[in-house]
Amino acid sequence: MTEQTVGLLLKNKLTHNDLVTLLNAQGELRKALFSKAAEIKKEYLGNKVYFRGLIEYSNICSKNCYYCGVRRGNHKVERYQLADIEVLDAARFALDNHFASIVIQSGERSDQKFVDTIEKLLLKIKAMSNGRLGITLSLGEQSEQTYERWFKAGAHRYLLRIETSDRDLYSKLHPNDSIHDFDARIESLNSLRKVGYQVGSGVMIGLPFQSPESLANDLLFLKKIDIDMAGMGPFIEHKETPLYRYAGELLSRQERFELSLKMVALLRILMKNINIAATTAMQTIDPQGREKSIMVGSNVIMPNLTPLKYRENYKLYEDKPCIDEEAEQCRSCLEARIHIAGNEIGWDEWGDSKHFMQRTTNPNN
Ligand code: SAH
Ligand code: SF4
């Protein structure tokens, strides 16, 4: 390795240029990047990985994002919404299996009925688990009042990806109307922070028109808004979406996967004590994708607990894995995989973001 490249990873503050160089890293520099990220994770967070049982609540969505398979305009999808009892059963499974936390994710709706239903569900889950189950939501953009109601009902973490921090690229990925507005998305992230959630965000990697320069900006953006948690993964084309027309111009899936690993490693270096998820989209491209992600900095994994019969219909992208695997099977196979990756599972621990704890207990940090 040249002295110049060694120097790069020893720097206290990585510049935009450095990040671009590292996103393009090959050979020794690439290896050094991954081991530095692993070292930082070990130093700041130990070798624990936390589970969040993922419940894909509904694929009914009022939005029309150009990349997503459950967008309103895709009429080939059979729409569903879980019954309360199905959510409670999945939550019970998480509790009984020592997952300690769940994530409720869904297509975006902000009508009163939906807001009320989620609030009631949260209260029921809290009551069923005697407050022992941590709840993360991923239900899109909502008003501050809605975020507040759900927070009071028991949710304490929220995932809302910015998708890309590049405003122009954002407008190429979404219809240009008031419900797909970049500034509104930022506003939602601000509201979540204000209400008191641990705030998660992230981007898709390998989108059409996206450059390494743009991804480097994404990393700096996530650092600037000071997220507590991150979820990032490769963009995976879906036939029934407008972006599919660019399928032939994308980076190969392997290249998108490689870039995603580098994004995880770089974010770990930039934000040492946040939670970073090893996402399902990474596993879609590489069967060992999540383990590889854990080895370069991720510390959260989200096993799917959605009842099997609905999974086929919650395809945000194609080739989603585990659509025919029972949760129980998932659990044992994951446990083995995590051990292989040299990590332990934080059974029965919420595994909240250390970054959040530090910021809230010492605001000068
Ligand atoms: N409706 C909510 C939550 C569900 S979508 C929301 O949009 O926030 C969750 C995430 O899936 C999105 O943030 C997006 O980053 C990801 N996603 C959607 N389509 C995808 C695709 N084709 N490839 C990879 N990720 C995708
Ligand atoms: Fe709906 Fe989320 Fe998909 Fe956009 S990404 S269409 S908001 S489910």
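Q: What makes strand β8 (residues 229–231) and β10 count as joined, and how many bridges are there between them?
A: Strands are DSSP runs of E with at least two residues, helices are runs of H or I with at least four residues, and both are numbered from the N terminus. Two strands pair if DSSP finds at least two bridges between them. Strand β8 and β10 are joined by 3 bridges and run parallel, so they satisfy the rule of at least two. In this pairing, G231 has A277 of β10 as its bridge partner. This is a predicted model, in which local features need pLDDT of at least 70 and side-chain atom pairs count only at pLDDT 80 or more, while totals for chains, interfaces and linings use all residues. Residues are numbered from 1 along each chain as its sequence is written, chains are lettered from A and ligands numbered from 1 in the order in which they are written, and side-chain values use heavy atoms, with hydrogens and water left out.

Q: What joins β10 to strand β11 (residues 300–301)?
A: These strands run parallel and are joined by 2 bridges, which meets the requirement for a pair. Opposite A278 stands I301 in β11.

Q: Why are β2 (53–58) and β12 (344–345) called edge strands?
A: The open sheet has 10 strands with parallel pairing, in the order β2-β3-β4-β5-β6-β8-β10-β11-β1-β12. Each of the two edge strands pairs on one side only. For β2, the pairing with strand β3 (residues 101–106) is in the parallel sense, over 5 bridges. Within this pairing, L54 has V103 as its bridge partner in β3, and I55 stands opposite I104. In general, strands of a sheet pair through backbone hydrogen bonds, either parallel or antiparallel.

Q: Why is β3 described as largely enclosed by the rest of the structure?
A: A residue is called buried under 20% relative accessible area, exposed over 50%, and partly exposed in between, using a 1.4 Å probe and the protein chains only. In β3, 6 of the 6 residues are buried, so the strand is largely enclosed by the rest of the structure. In a regular strand the side chains alternate between the two faces of the sheet. From β3, S101, V103 and Q105 point one way, whereas I102, I104 and S106 point the other way, and all are buried. The edge strand β2 also has 6 of its 6 residues buried, so it too is largely enclosed.

Q: What makes both faces of strand β10 (residues 275–278) count as covered?
A: On one side N275 and A277 are buried, and on the other side I276 and A278 are buried.

Q: Why is A100 called buried?
A: The relative accessible area of A100 is 6%, so A100 is buried, since this value is under 20%. A100 lies in the loop between α4 (84–96) and β3, and its phi is near 75°, a positive value in a residue other than glycine.

Q: Is N130 buried or exposed, and what shows this?
A: N130 has 67% relative accessibility and therefore counts as exposed, because this value is over 50%. N130 lies in the loop between α5 (112–128) and β4 (134–138), and although it is not a glycine it has a positive phi of about 55°.

Q: Which residues are around ligand 2?
A: A residue is near a molecule if one of its heavy atoms lies within 4 Å of it. The residues around ligand 2 are C61, K63, C65, Y67, C68, V70, R71 and G107. Ala, Val, Leu, Ile, Met, Phe, Trp, Tyr, Cys and Pro count as nonpolar, Asp, Glu, Lys and Arg as charged, and the others, Gly among them, as polar. Sorted in this way, the shell around ligand 2 has 5 nonpolar, 1 polar and 2 charged residues.

Q: Why are C65 and C68 called buried?
A: C65 has a relative accessible area of 15% and C68 has 14% relative accessibility, so both values fall under 20%.

Q: How many disulfides are there by the distance rule?
A: A disulfide is a covalent bond between the sulfur atoms of two cysteines. Here a disulfide is counted as a pair of cysteine sulfur atoms within 2.5 Å, and by this rule the count comes to 0.
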